Amino acid sequence: IGIHFLEQIYLPEQIELYRVVVSEAKRFPELGRMMNRRIIRSEAFVRSYLEHLQKAGNIHLPCPDMTASQFLGLLKTNFQMRLLFGIRKQLSRQELQATAECCVAIFLDGVGRKSK
């Protein structure tokens, strides 16, 4: 999930779309609503997967909505800003994979333990 998410949001056309939406959302609110719907769908997908893991007894989710949102936010790291600002042009497949693996490890250390 992590690698696929990063591959999609870091596509050059997605970075450019994000720039346009941020700069024009005030004048064209529907652009912001359109992007928000995409975010909501991504979060719902991740939440559903995490809830499946919770039902199987693999993780503990004190707050499924926030947990899904935080996972996706963790994946973005500061690479998203560097791409948006033009500091970086792209990330290699190895960087995407290393980022996803590290973020999953960090994330699971927070939700992998069952509360008392």
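Trainee: So helices are DSSP runs of H or I, at least four residues long, numbered from the N terminus. How many helices and strands are there in the protein chain?

Mentor: The model is predicted. The protein chain has 6 helices and 0 strands, and the pattern read along the sequence is α-α-α-α-α-α.

Trainee: What box do the C-alpha atoms fill?

Mentor: Roughly 50 × 35 × 20 Å, taken along the principal axes.

Trainee: And what share of the residues counts as buried?

Mentor: Of the 116 residues, 25% count as buried. The protein chain exposes about 7,900 Å², and carbon and sulfur atoms supply 58% of that area.

Trainee: What about contacts, how much comes from residues 24 or more positions apart?

Mentor: Among contacts with a separation of 6 or more, such residues account for 64%.

Trainee: Pockets next. What is the volume of the largest pocket, and which residues are closest to its centre?

Mentor: The volume of the largest pocket is about 600 Å³. Its lining has 23 residues, and those closest to the centre are Phe-5, Ile-9, Arg-38, Ile-39 and Ser-42.

Trainee: Which helices supply at least two residues of that lining?

Mentor: H1 (2–9), H2 (12–24), H3 (29–55), H4 (64–76) and H5 (79–84) each do. H3 gives the most to the lining of the largest pocket, with 8 residues.

Trainee: How does that lining split by class?

Mentor: The largest pocket is lined by 12 nonpolar, 7 polar and 4 charged residues.

Trainee: And the second largest pocket, what volume and which residues at its centre?

Mentor: The second largest pocket has a volume of about 200 Å³. Tyr-49, Leu-50, Leu-53, Phe-71 and Val-104 are the closest to its centre, out of 13 lining residues.

Trainee: Which helices supply at least two residues there, and what classes are they?

Mentor: H1, H3 and H6 (93–111) each supply at least two residues of the lining of the second largest pocket. By class, this lining has 12 nonpolar residues, 1 polar and no charged.

Trainee: Moving on to the largest nonpolar core. How many residues, and which have the most contacts inside it?

Mentor: The largest nonpolar core has 22 residues, and Leu-6, Tyr-10, Leu-50 and Leu-75 have the most contacts inside it. H1, H3, H4, H5 and H6 are the elements that give two or more residues to this core.

Trainee: What does Tyr-10 touch?

Mentor: Leaving out residues up to four places away in sequence, Tyr-10 touches Ile-15, Leu-75, Lys-76, Thr-77, Phe-79, Gln-80, Leu-83, Leu-91 and Leu-96.

Trainee: Thr-77 is on that list. Where is Thr-77, and what is its phi?

Mentor: Thr-77 is in the loop between H4 and H5. Its phi is near 45°, a positive value in a residue other than glycine. Most residues other than glycine have a negative phi.

Trainee: Is Thr-77 buried or exposed?

Mentor: Neither; Thr-77 counts as partly exposed because its relative accessible area is 33%, and the class runs between 20% and 50%.

Trainee: And Thr-99, where is that, and what does it touch?

Mentor: Thr-99 is in helix H6. Apart from residues up to four places away in sequence, Thr-99 touches Leu-6, Leu-75, Thr-77 and Phe-79.

Trainee: Why does Thr-99 count as buried?

Mentor: Because its relative accessible area is 11%, and buried means under 20%.

Trainee: Compare Phe-85. Where does it lie, and is it buried or exposed?

Mentor: Phe-85 lies in the loop between H5 and H6. With 60% relative accessibility, Phe-85 counts as exposed. From Phe-85 to Ser-48, 37 residues apart along the chain, the C-alpha separation is 33 Å.

Trainee: Back to H3 for Glu-43. What is Glu-43 in contact with?

Mentor: Beyond its neighbours within four places in sequence, Glu-43 is in contact with Ala-68, Ser-69 and Leu-72. Glu-43 has 22% relative accessibility, so it counts as partly exposed. Its C-alpha is 21 Å from that of Gly-57, 14 residues apart in sequence.

Trainee: Last one, Met-66. Which helix, and what accessibility?

Mentor: Met-66 lies in helix H4 and counts as partly exposed at 46% relative accessibility. Met-66 and Leu-50 are 16 residues apart in sequence, with 11 Å between their C-alpha atoms.

How values were computed:
Residues are numbered from 1 along each chain as its sequence is written. This is a predicted model: local features need pLDDT of at least 70, side-chain atom pairs count only at pLDDT 80 or more; totals for chains, interfaces and linings use all residues. Side-chain values use heavy atoms; hydrogens and water are left out. On a 1 Å grid over the protein atoms alone, a cavity is a set of points where a 1.4 Å probe fits but cannot get out, and a pocket is an open set with protein on both sides within 12 Å along at least five of seven lines; lining residues have an atom within 4 Å of a point. Grid points are joined across faces, edges and corners, and a volume is the space filled by probe spheres set on the points. Ala, Val, Leu, Ile, Met, Phe, Trp, Tyr, Cys and Pro count as nonpolar, Asp, Glu, Lys and Arg as charged, and the others, Gly among them, as polar. A nonpolar core is a set of buried Ala, Val, Leu, Ile, Met, Phe, Trp, Tyr and Cys residues joined through side-chain atoms within 4.5 Å. Buried means under 20% relative accessible area, exposed over 50%, partly exposed in between (1.4 Å probe, protein chains only). Contact means heavy atoms within 4.5 Å. Accessible areas come from the Shrake-Rupley method with a 1.4 Å probe; for residues, only the protein chains shown count as cover.
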